[in-house]
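The exercises below are meant to be worked with the sequence and the structure side by side. Each task sentence is followed by a solution that goes step by step.

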Amino acid sequence: MKDNTKWALITGASSGLGAVFARQYAQKGYHLVLTARRRDALQSLADEISSAHGISCHVETADLAQIGAAAQLKSALDQAQITIDVLINNAGMGAHGDFVDCPADKLAGMLQLDIIALTELTHAFGQAMARRGNGQILLVSSILGYQATPRYAAYAASKAYVLSLGEALHEELKASGVTVTVLSPGVTNTEFIAVADQPMPPMLKRLMMEPEPVVKAGIQALDSGRASVVPGWLNWITAQSNRLTPRVMQRRIMARVMSD
Ligand SMILES: NC(=O)c1ccc[n+]([C@@H]2O[C@H](COP(=O)([O-])OP(=O)(O)OC[C@H]3O[C@@H](n4cnc5c(N)ncnc54)[C@H](OP(=O)(O)O)[C@@H]3O)[C@@H](O)[C@H]2O)c1
């Protein structure tokens with residue numbers, strides 16, 4: 001076992017970006033807390049990376065779409081006497097399609113996961129970090145957070161919330177020694193697209209990034225104290241071009257991109 005006292009908590013570690021965050025933090029020598037709903041996937045990842053890198057991996061299953069799950073996760077880690085140095089708020093899901101056709105309970109669960117649980121975890125661990133005078137928090141948003149997006153209306157709005165929350169907290173917590181960074185990926189090759197039931201037109205497929213460089217960009221931005229990062233230069237241009245484009249054009253372009 002390595003003598004390394006730093007712990008990273010990664011939400012949504014059972015697949016996609018979260019599993020890659022776990023691998024990249026294990027390579028950096030961090031002990032890990034991995035959380036998501038699928039215990040088997042978390043446990044096999046934990047077994048693989050703890051033996052490959054000689055770090056401790058604590059698996060804690062949680063359904064963060066349930067009210068109170070974030071507080072339960074914090075108290076489980078307090079009971080296990082694990083102090084979190086790095087929080088990667090990554091777990092999330094999207095719901096593609098017509099807003100009025102989406103079941104209300106699916107929408108509510110998505111917002112509970114993407115907004116409420118993320119906010120509660122940031123609050124609980126951010127408070128502990130600010131008291132200690134150090135810590136790092138990464139919030140995973142999306143380039144969809146940069147403009148209104150028909151057919152991803154509530155998901156894109158939830159990611160606009162994450163982007164705004166994270167950039168505000170970056171300033172607010174700076175003086176306390178806590179770094180907050182927002183990672184806003186574009187379309188990335190994970191389970192997200194299938195879970196969201198999103199069609200993949202050839203144009204979007206061409207923009208698709210692999211999760212490894214997305215995660216690397218997020219960790220680099222967090223470690224260098226940046227407020228926000230959009231990985232991939234085409235994604236970066238897309239996000240920045242909104243500064244020059246009227247909002248009516250932004251949403252009409254996105255309506256075309258997201259049509260079936
Ligand atoms: N992939 C993209 O194109 C893309 C683009 C922009 C932003 N993002 C964002 O990137 C983040 C990671 O997504 P991904 O692309 O890696 O997708 P993914 O492969 O579907 O991973 C999502 C993770 O979140 C976990 N999760 C889902 N619902 C949960 C719940 N109710 N409670 C706890 N954990 C839950 C999943 O684990 P379980 O199913 O085991 O619970 C899984 O580990 C999300 O916040 C997403 O919005 C993705």
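**Exercise 1.** Decide whether R151 is buried, partly exposed or exposed, and describe its place and its backbone.

Step 1. In this predicted model, the relative accessibility of R151 is 23%. Step 2. Buried means under 20% and exposed means over 50%, with partly exposed in between, so R151, at 23%, counts as partly exposed. Step 3. Along the chain, R151 is found in the loop between β5 and α5. Step 4. The phi angle of R151 is near 75 degrees, which is a positive value in a residue other than glycine. Most residues other than glycine have a negative phi.

**Exercise 2.** Describe D197 in the same terms: which loop holds D197, and what is its phi?

Step 1. D197 lies in the loop between α6, residues 192-196, and α7, residues 202-207. Step 2. Although D197 is not a glycine, its phi is positive, at about 60 degrees. Step 3. The relative accessibility of D197 is 59%, so D197 counts as exposed.

**Exercise 3.** Place S224 and E120 in the chain, classify each by accessibility, and give one C-alpha distance for each.

Step 1. S224 has its place in the loop between α8 (211-223) and β7 (228-229), and with 53% relative accessibility it counts as exposed. Step 2. From S224 to A80, which are 144 residues apart along the chain, the C-alpha atoms are separated by 30 Å. Step 3. E120 lies in helix α4, and its relative accessible area of 34% makes it partly exposed. Step 4. E120 and Q81 are 39 residues apart along the chain, and their C-alpha atoms are separated by 19 Å.

**Exercise 4.** Find which residues T179 is in contact with, once its neighbours within four places in sequence are left aside.

Step 1. T179 is found in strand β6. Step 2. With those sequence neighbours left aside, T179 is in contact with G135, Q136, I137, L222 and G225. Step 3. For one of these partners, I137, the separation from T179 is 42 residues in sequence and 6.1 Å in space, C-alpha to C-alpha.

**Exercise 5.** Describe the largest nonpolar core and say which element gives the largest share of it.

Step 1. The largest nonpolar core has 42 residues, and those with the most contacts inside it are L9, L64, L77, I84, L87 and F125. Step 2. Two or more residues of this core come from each of β1 (7-11), α3 (69-79), α4 (104-132), β5 (135-140), α5 (153-174), β6 (178-183) and α10 (247-257). Step 3. The largest share, eight residues, comes from α4. Step 4. For a closer look at I84, leave aside its neighbours within four places in sequence; I84 is then in contact with W7, L9, V33, L77, F125, M129 and R132. Step 5. A second, separate core has 32 residues, including I10, L45, L183 and V214. In soluble globular proteins, nonpolar side chains tend to be buried together.

**Exercise 6.** Compare the contents of the lining of the largest cavity with those of the second largest pocket.

Step 1. A search of the whole structure finds one cavity of 30 Å³ or more, and about 30 Å³ of space lies in the largest cavity. Step 2. The largest cavity is lined by T11, L64, N89, N90, A91, L113, A117, L118 and L121, and α4 gives the largest share of this lining, four residues. Step 3. By class, six of the lining residues are nonpolar, three are polar and none is charged. Step 4. The second largest pocket holds about 160 Å³ of space, and of the 17 residues that line it, the closest to its centre are A95, H96, G97, D98 and C102. Step 5. At least two residues of the pocket lining come from each of α4 and α5. Step 6. The lining of the pocket divides into 10 nonpolar, two polar and five charged residues.

**Exercise 7.** Build up a picture of the whole chain, and explain why it counts as compact for its length.

Step 1. The secondary structure comes to 10 helices and seven strands. Step 2. The radius of gyration is 18 Å, close to the 18 Å that the globule rule gives for 260 residues, so the chain is as compact as a globular protein of that length. Step 3. The C-alpha trace spans about 55 × 40 × 35 Å along its principal axes. Step 4. Of the 260 residues, 50% count as buried. Step 5. Among contacts with a separation of 6 or more, 70% are between residues 24 or more positions apart.

Terms used: Residues are numbered from 1 along each chain as its sequence is written. This is a predicted model: local features need pLDDT of at least 70, side-chain atom pairs count only at pLDDT 80 or more; totals for chains, interfaces and linings use all residues. Side-chain values use heavy atoms; hydrogens and water are left out. A nonpolar core is a set of buried Ala, Val, Leu, Ile, Met, Phe, Trp, Tyr and Cys residues joined through side-chain atoms within 4.5 Å. Buried means under 20% relative accessible area, exposed over 50%, partly exposed in between (1.4 Å probe, protein chains only). Contact means heavy atoms within 4.5 Å. On a 1 Å grid over the protein atoms alone, a cavity is a set of points where a 1.4 Å probe fits but cannot get out, and a pocket is an open set with protein on both sides within 12 Å along at least five of seven lines; lining residues have an atom within 4 Å of a point. Grid points are joined across faces, edges and corners, and a volume is the space filled by probe spheres set on the points. Ala, Val, Leu, Ile, Met, Phe, Trp, Tyr, Cys and Pro count as nonpolar, Asp, Glu, Lys and Arg as charged, and the others, Gly among them, as polar. The radius of gyration is taken over C-alpha atoms; the globule rule is 2.2 Å times the number of residues to the power 0.38.
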